[in-house]
Every structure is written in C-alpha cells, then in structure tokens.
Amino acid sequence: MASYFDEHNCEPTDPQEQYRRNALLELARTLINFEDGPLDFADWDQGLPPPAAKDTVKNLLSVVISPAQADKGLKCPICLLEFEEGETVKKMPCEHCFHSACILPWLGKTNSCPLCRYELLTDNEEYEEYKKEKDRRQQREHRLENLHGAMYT
Ligand SMILES: [Zn+2]
Ligand SMILES: [Zn+2]
C-alpha cells in the first residue's frame, strides 16, 4: 500500500480533481469552526454522503506520530498544524492521519476522507443502497464506453 508520503508527493494533475479536493478540504476546515454549519444535503449526487457509521468511527486506528514523521513535518490536512512527535492521531483506512478533534466532527457529518474521498461505511441503509446502485450505473457506463470505443475505432 502506498504510504502517506508517496501520495503526498504526487499531487493530482487533473485541475478539476484538484479543485474538488480543495473544495472538500475547505469544507472540512469550515466545519471545525462552525460545528452546526449550514450543511443540509438531501441529494447525495450534489452534496455530502451521510455520516460515517458510529462503530467504524469508534474503531478507527489511533497511531502515535513517530520522530521520522514529525521530522518530515507531517501535517493534519484539516487544520494544517504539524503533528508533534509522540502525539496520538487518528488514521483512516486510506492511511491519512488527522487530529481526532479535526476528523471526528467531520465524520459526524459525512463518511469520506476529506483528502482523498475514501468512503467509510455509513449507518444509513438508504445511502448504502444508493452507493451500490451508483456502482452498478458506473459499471454500465463503463461497458457502454468500451462498446462505443469498439464500434468507432
Ligand atoms: Zn488537525
Ligand atoms: Zn484519505
């Protein structure tokens, strides 16, 4: 699995992807300051998915920042403060690390990593269904694209 640093050193080249990622991080930062901000997304296609499942959040790994990580100036992507050696932080399954005070309020609003949008499981059955349907739709579109490619090349 790619380490945090590998990922961190290669910024996405697609400007739109970069924009979306920045927008998510911006939102995450706003959330720390406005616990009950004006976030009300009914439509998951437009907005944020529902909060991460409580059990999943409870079981997030806690890791202690190593001297090497502190030396490299590893930062919390949300508040942009450098982690201190020996500090205990939360590690997402995607390997991204955050202060628990930063990531927990975020995961109380939505289920994805604000840095890479890795999605955690949610407690929302409707959303889990929606996610499966979305996967199916994407696979279908992918097949159509391949078919289209095969026909016109
Ligand atoms: Zn932080
Ligand atoms: Zn991530």
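Modeller: Before we start, a patch is made of residues with over 30% relative accessible area and no salt bridge, where like charges are joined within 9 Å and nonpolar side chains (Val, Leu, Ile, Met, Phe, Trp, Tyr) within 5 Å. A salt bridge is a side-chain nitrogen of Lys or Arg within 4 Å of a carboxyl oxygen of Asp or Glu. This is a predicted model, in which local features need pLDDT of at least 70 and side-chain atom pairs count only at pLDDT 80 or more, while totals for chains, interfaces and linings use all residues. Residues are numbered from 1 along each chain as its sequence is written, chains are lettered from A and ligands numbered from 1 in the order in which they are written, and side-chain values use heavy atoms, leaving out hydrogens and water.

Biologist: Thanks! Which residues form the nonpolar patch on the surface?

Modeller: Together they have about 500 Å² of accessible area, computed by the Shrake-Rupley method with a 1.4 Å probe, and for residues only the protein chains shown count as cover. One of them lies in helix H6, residues 125–151. The patch is formed by Leu-144, Leu-147, Met-151 and Tyr-152.

Biologist: What pattern does the protein chain follow along the sequence?

Modeller: Helices (H or I, at least four residues) and strands (E, at least two) are DSSP runs, numbered from the N terminus. The chain has six helices and three strands. Read in sequence, the pattern is α-α-α-β-α-β-β-α-α.

Biologist: What is the order of the strands in the open sheet?

Modeller: Two strands pair if DSSP finds at least two bridges between them. S1 and S2 (residues 88–91) are antiparallel over four bridges, and S2 and S3 are antiparallel over two. Strands S1 (61–64) and S3 (97–98) are the edges, each pairing on one side only. The order is therefore S1-S2-S3.

Biologist: Which residue in S3 is the bridge partner of Lys-91?

Modeller: On the S1 side, Leu-61 stands opposite Lys-91. S2 and S3 form a hairpin with five residues between them, and Glu-95 in the turn has a positive phi of about 85°. Across to S3, the partner of Lys-91 is Cys-97.

Biologist: How many disulfides does the structure hold?

Modeller: A disulfide is a pair of cysteine sulfur atoms within 2.5 Å. By that cut-off, the count is zero.

Biologist: Is Cys-116 buried or exposed, or in between?

Modeller: Buried means under 20% relative accessible area and exposed over 50%, with partly exposed in between (1.4 Å probe, protein chains only). Cys-116 has 33% relative accessibility, so Cys-116 counts as partly exposed.
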